Each structure stands twice: as C-alpha cells, then as structure tokens.
Amino acid sequence: MGKVKTRFAPSPTGYLHLGNARTAIFSYLFARHTGGDFVLRIEDTDRERSRKEYEDMLIEDLKWLGIEWDEFYRQSERFNIYKEYVDKLLAEGHAYPCFCSPEELEKEKEEAKKKGIPYRYSGKCRNLYPEKIEKLKNEGKPFTIRFKVPENKVIVFEDLIKGSIAINTDDFGDFIIVRSDGTPTYNFVVVVDDALMGITHVVRGEDHIPNTPKQILIYEALGFPVPKFVHLPVILGEDRSKLSKRHGAVSVRAYREEGYMPEALFNYLCLLGWSPPEEGREIFSKEELIEIFDLKDVNNSPAVFNREKLKWMNGVYIREVIPLDVLVDRAIPFLKKAGYDVSDRDYIKKVLSHTKDSFDTLSEMVERLKPFLVDEVQIEEEVWSFLEDSKVQEVLTLFLQKIEENKPESPEEVRKIAKEIQKTLKVKPPNVWKPLRIALTGELEGVGIDILIAVLPKEKIEKRIKKVLEKLA
RNA sequence: GCCCCCGUCGUCUAGCCUGGCCUAGGACGCCGGCCUUUCACGCCGGAAACGCGGGUUCAAAUCCCGCCGGGGGUGCCA
C-alpha cells in the first residue's frame, strides 16, 4: 500500500455535528496511523445553503478537537475545474442535458408512488436530437446535466468495513450532476476532487453507501482510479434513530460550551464504533490513538451516543488527565462568564487543586466553586432551621476564636481545629461541620468544608460566621 | 413500496473470520457496602446480554437457512 491520503468533507450548513466529528476523527486517525496525509475540504457547492459563518465555526471546532489537516480546499473555488470534467463527460457521451422541469419530475415521482413502483428518472431527455437541444437552449429553457447510467448493471465494491456490497444501477437511474443554475452536485464533485486530490481511502458515514455506485460510474467514465471505500456505521440517539437535534445537544460546539474537554470528547467519540486492541483500557491520548487505531477494529453496527458515559469520561480527564494549569486556563472563562472575579489566578488554581475531584464539567464547576467566589452567602429558611440547635452558637464562637488566633492554611489543620472543638464542647463531628457548612456556604451539601476554610480568605470566613452569629443572638 | 446496511447486558463493547479455553470478559449507568463533616471522588461487591426458529456438528454467541426487529437511502442536500 502506497501513502495513504484521506479527507473530511463537511458542508458548511450548520454546526459540526458529533457524527461528523467522529467521521473526521476516524479519517484523521487512519491517515496519521499510516503516516499518511489528511485533507479538509469544504463542500459548499450548494450556494443556497452554504454559509461562511458555518465554515468558520466548523474549522474552529475541528481545531479545538485537535484535528489538523495538511491541505485545505473549498469547492466553491473550484467550479472551473468541475466544468472541465463536465464538458469531458458531455463530449464523450457519458452525460446529457435534461430539460425536464422540477414540476414534471415531481409528477413522475408521484405517479411512480401511486403505482407502487420505485421511482427512477424516465430518461425522457436522454436521446434528444442535437438540433432539439440547440433549439431549447436558444429558447433559454433551463436545463440540468444528467449522468448516463448503464442499465441493469451490478456495481460491486469492497468496503473496508462492510465487506462486499453490490447495487444494481436500475435502483437509481440517470442522476443530475449539474443543477440548472450551473453549479455541480455532490456526487459529481466528490469524485473529481477525491481523484484530483489523490484520496486513497474515502472515509465517510454509511449513509453514503447508496451514493457509492453512482460515484464509481463517474470514476470509470472519467478514467480515474477508484479509491478504497470505508463506510462508518452511524451514531444513533437514545431512541435508536440517527442522532439529530431532536436528541438535544448534538454539536461539538454545545459540548464545548458546556465545559467539556476536547481531549475527552475526542476520546469518547473514538470508542463509539471502535475498540482498542488491548482490552480493559479506555482512556487514550490522541498520540496513543494514532498509534493504535486501525480500521480492522472498527465495529460495523451503529452505536448509540451515551451522554452519561461522555460525562464520566470528561470527569476522568478533569481529575486525572488535564494538567492543573491547563485546567485553570480553561476554567477561568467559565467563572468570568458567571460573573466572578478571576483576577487572582493563584487563588483559582489553589481552589481547583482541591476541588477538581468533585465535578465532571466546567459548568458543574461553576456551581461547585460558588462558596469560594461569592462575597456573601444566602441562607434559605429551610436550611436556617438546622442552625437552631443549642450548641451552634458555642461551636461557631469557639471556631471564630481559633480562626482569629491562627488561620489554618491546609485542610489537615482545619480538621485538627474541628477535633479540638469536638473535644472542648463535647459534640459529635457533624455538630461542628454542619453549622460551619451552612454558615459558609448556605447549603447542606457541597465541597469539603475543611477545604473551603483552608482556602477561603480569613476575612470572608469571619464575615460569614459573624453574620450568622448576629442573627442567632 | 423498492434498494442497502446492521442485530452480544439499559448503553458502548470483547469474543464471531480460524466452532470447544464463554458457568460470555471489560466500561458507563443502576443497586448494596466501605470511607466520611455533606454531595461527590475512591475502594469492594451485585443484578444485568448472545433477537426468534430451524439446521450442520460429539460440541454454536461463533458456520448455513428462514423469520423478526432496528437503521439508512430513495433530492436540481451533502
């Protein structure tokens, strides 16, 4: 096998979808694993639906995921190239102009449906006399260009994942390669580009299987070598239908904004339809994945996307994989957006070093870190009632004294103080921790109070406790 | 309707090619316990699957056939 070259060819009509992202990842991994090249090609031949903003976001999201390409193309800049090949097909009798209007075609389709027979273009314009074609063109009648598909021919190709696939040309019939506005369509440009760019392996979703025989016909008509095809099983939603907006957040962007680590998303997506040769491990860096990824380990059945597992994996990355400083850099924008003062980076870092075990996403982090960042805490009625215990005042007062004498700087020191209070006042641990928790956070659950007290500035601790004491008095 | 693809715990999967090592392994989630100042984290344990029916064979999750189920395609979208 010569040098491998794969591509990812999204159309800029929306955000980068998880399914497409996984296709991009597999395509990228396969190229890198074999030491080959990877191409990014924007498929924007449909001028109606393509938008530059989406292209920009697609690129941004791919970069965020850690995917890098060696070559970049935009199909809208290659129309003259496609024209050359359309002319070639026309000249050699592999294609012909079709003057049927969308309305006429619609009628044909409806009739076929009524009769219960599979629809195929009738071939009405297939054998028009050259004079007739000239006449219609001169009249300014709009036309498309269709590829002439041989009748009743079985196209067989070897898919690297699915195995041998055979489809009869009678199942589709003559298809359009140039729209009436003069722009070429997907099935045509994809062949010209893949051939010209030297793509050796066409890696894409299995929803493209029905397109493959059409494309093979074009490769042959144009005299191009046919590449290898790799059709990946699709990603499904919880209800086992193709993953779509109906299933909630399905764009890479959405997970990015939720506070997911790109490394975790990349890793998780790999496990959807692929499994590592070595059993028992699931956390892999991109470099390791490049090393071990092989198409032979790709599963051939569709996989259901599972948010819970992604979330778990993101937690693993946050608490075990991502270096603290990187985590801090990524956390700050989230905290800032929530309105917190993030000017003291060292403080944020200190907080995260103690708390990163307790959240799975950066959104959850914002909630979790609240007591470390707010100025004052609100204590709700139901929570306040827990403070109405005879010993609470004594506990808080004694604690305040100890803090004033010597502010503990580590959770261990805090626990030591708590033990002393337990001993002095003869109370059980919860009777010390619970009042402190409520006074300092206003909540009944959350991060370890020993951590909060060790990290929070002395003034804030005193302020919060005094406030409770005053109200209690 | 027609064409194509797929079918192991709820979910992702290992095993299937080269039948026996499978009383079917791992992970998420779930349940129980431990740790413990709470929620988490961590640790320990548990429930949980070969879609169905025929064959082939001494032996089938693994091979063959049929059925059923799911998905995709059927565009002047990609």
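## Terms and model

A residue is called buried here when its relative accessible area is under 20%, exposed when over 50%, and partly exposed in between, using a 1.4 Å probe and protein chains only. Helices (H or I, at least four residues) and strands (E, at least two) are DSSP runs, numbered from the N terminus.

This is a predicted model, in which local features need pLDDT of at least 70, side-chain atom pairs count only at pLDDT 80 or more, and totals for chains, interfaces and linings use all residues. Residues are numbered from 1 along each chain as its sequence is written, chains are lettered from A and ligands numbered from 1 in the order in which they are written, and side-chain values use heavy atoms, leaving out hydrogens and water.

Chain A has an average pLDDT (the predictor's confidence in each residue, from 0 to 100) of 94, and 100% of the residues score at least 70. For the complex, the predictor gives a pTM of 0.94 and an ipTM of 0.95.

## Strands S1 and S2

Let's start close to the N terminus, with strand S1 (residues 5-8). Lys 5 and Arg 7 are buried on one face, and Thr 6 and Phe 8 are buried on the other. In a regular strand, side chains alternate between the two faces of the sheet.

S1 runs parallel to strand S2 (residues 37-42), and four bridges join them; strands pair when DSSP finds at least two bridges between them. Thr 6 has Phe 38 of S2 as its bridge partner. Between these strands the chain passes through helix H1 (residues 18-33), making a right-handed β-α-β crossover: with the strands pointing away from the viewer, the path from the first strand over the helix to the second runs clockwise.

## Helix H7

Ten of the eleven residues of helix H7 (residues 212-222) are buried, among them Pro 213, Lys 214, Ile 216 and Tyr 219. After H7 comes Gly 223, with a positive phi near 75°.

## Around RNA strand B

There are 62 residues around RNA strand B, and Thr 45, Arg 179, Glu 282, Arg 368 and Trp 433 come nearest; being near takes a heavy atom within 4 Å. Sugar and phosphate make up 71% of the strand B atoms that come within 4 Å of the protein. The surface residues comprise 21 nonpolar, 20 polar and 21 charged. Helix H11 gives the most, with four residues.

Now for some individual atom pairs. A polar side-chain atom of Asp 450 lies 2.6 Å from a base oxygen of RNA strand B, while a backbone N or O atom of Cys 100 is 3.3 Å from a base nitrogen.

Conventions
A polar contact is a pair of N or O atoms within 3.5 Å; within protein, one must be able to donate a hydrogen and the other to accept it, and residues adjacent in sequence count only if both atoms are side-chain atoms. Ala, Val, Leu, Ile, Met, Phe, Trp, Tyr, Cys and Pro count as nonpolar, Asp, Glu, Lys and Arg as charged, and the others, Gly among them, as polar.
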